[in-house]
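This report describes the fold, the domains and the chain-to-chain contact of one structure. Please keep the sequence and the 3D view at hand while reading.

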Number of protein chains: 2
Amino acid sequence: MRMDIAAVNALSYEDFVNIFGNVVEKCPIITAAVWSRRPFASLTALEASISDFIDALPESGKEGILRCHPDLAGRDLQSGTLTRESHEEQAGAGMDALNPAESSRMARLNEEYKERFEFPFVVCARMHDKANILRQLSERCRNGRVVERARGIEEVKKICCLRLQGLVLSDAPNKL
Amino acid sequence: MRMDIAAVNALSYEDFVNIFGNVVEKCPIITAAVWSRRPFASLTALEASISDFIDALPESGKEGILRCHPDLAGRDLQSGTLTRESHEEQAGAGMDALNPAESSRMARLNEEYKERFEFPFVVCARMHDKANILRQLSERCRNGRVVERARGIEEVKKICCLRLQGLVLSDAPNKL
């Protein structure tokens with residue numbers, strides 16, 4: 001049951017953080033900070049407030065956001081300790097149904113990526129299937145660190161937008 | 001079993017975030033960000049990195065940190081959903097053993113504080129007893145918002161330092 005933006009704007013900070021606290025994975029501080037910017041004119045305005053907050057962070061803060069993300073098809077998926085949102089997204093992309101060859105390739109590439117960049121590979125899993133994710137991971141391992149940090153943050157914002165769209169009605173509902 | 005700073009500096013970001021992710025309550029992004037600043041010369045240098053990161057946040061980000069904190073003697077204490085660290089600190093200050101009069105006074109003052117400032121009352125509980133906490137809460141309700149935001153962040157840093165000191169050996173161990 002999605003809320004309209006007026007209902008969002010009426011929330012106390014406690015309810016706002018309870019509902020939206022994980023739109024950026026494990027970073028409720030971001031949600032809690034943008035509550036200060038309410039009222040939001042629209043879902044788009046709420047998305048923009050989050051995006052602006054992220055952009056204003058120092059580079060170390062952006063790396064911090066990436067480091068709060070779990071590996072794809074990693075330890076947290078296997079041990080059942082993913083957040084609800086991450087679990088749904090990873091399962092939707094088939095990350096819980098890799099065959100042994102895919103699974104070991106994914107693990108190897110994740111480690112290579114983390115060794116190279118010192119943060120994990122982040123991709124908006126809901127926009128891709130498993131073959132596509134493996135190919136991107138392999139390709140992105142060859143980028144430079146600055147490019148990958150920016151690319152990871154772009155993906156964080158895509159994930160955030162999809163999570164928000166699951167919670168808030170879009171800006172242009174059909175009015176009959 | 002506390003680690004020395006060399007052991008801290010040897011941690012992967014994943015282990016670092018697992019161990020230190022809650023030194024600022026529910027803000028693992030801060031821990032994950034300052035990992036970029038390693039190696040740390042000492043525990044004091046690690047504390048300073050966290051403090052500097054917090055100081056560089058916009059005011060909304062500081063409010064975001066405060067809003068990630070639970071009420072003292074509030075809903076999370078009653079329902080058992082506090083973080084381990086918060087539970088120990090609140091219990092140590094007697095927040096789980098308020099008599100009915102204290103309990104209702106605390107609840108009323110917490111609501112008054114949140115209504116006035118739009119973030120919760122944050123105090124380093126381990127440095128105070130319950131009478132002292134109630135008195136401070138009552139007094140701080142009369143401050144201005146800018147003063148209280150800065151005061152709350154000071155308390156966040158005290159909490160952070162005590163949590164860190166429980167995990168990392170201090171800078172000047174006795175060398176015989």
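How far apart do the C-alpha centres of domain 1 of chain A and domain 2 of chain A lie? They lie 25 Å apart.

The structure is a predicted model, in which local features need pLDDT of at least 70, side-chain atom pairs count only at pLDDT 80 or more, and totals for chains, interfaces and linings use all residues. Residues are numbered from 1 along each chain as its sequence is written, while chains are lettered from A and ligands numbered from 1 in the order in which they are written.

**Domains of chain A**

The bounds of the two domains, which come from an automatic or database domain assignment, are listed here together with the residues that each gives to their contact.

| Domain of chain A | Residue range | Residues in the contact |
|---|---|---|
| domain 1 | 5-63 | 7 residues |
| domain 2 | 71-155 | 6 residues |

Two residues are in contact if their C-beta atoms, placed from the backbone, lie within 7 Å. On the side of domain 1 of chain A that touches domain 2 of chain A, α5(A) gives the most, with 3 residues. That side divides into 1 nonpolar, 1 polar and 5 charged residues. Here Ala, Val, Leu, Ile, Met, Phe, Trp, Tyr, Cys and Pro count as nonpolar, Asp, Glu, Lys and Arg as charged, and the others, Gly among them, as polar.

**Overall fold**

Chain A has 10 helices and 0 strands; helices (H or I, at least four residues) and strands (E, at least two) are DSSP runs, numbered from the N terminus. Chain A is as compact as a globular protein of its length, because its radius of gyration of 17 Å is close to the 16 Å that the globule rule gives for 176 residues. This radius is taken over C-alpha atoms, and the rule is 2.2 Å times the number of residues to the power 0.38. The C-alpha trace of chain A spans about 50 × 35 × 30 Å along its principal axes.

**Chains A and B**

A turn of 180 degrees and a shift of 0.0 Å along the axis lay chain A on chain B with an RMSD of 0.0 Å. That is the relation of a two-fold axis. Copies are superposed by least squares on the C-alpha atoms of residues with pLDDT of at least 70 in both. In chain A, the C-alpha of A:C27 is nearest the axis, 3.2 Å from it.

In the contact between the chains, 23 residues of chain A meet 23 residues of chain B. The side of chain A that touches chain B has 14 nonpolar, 4 polar and 5 charged residues.
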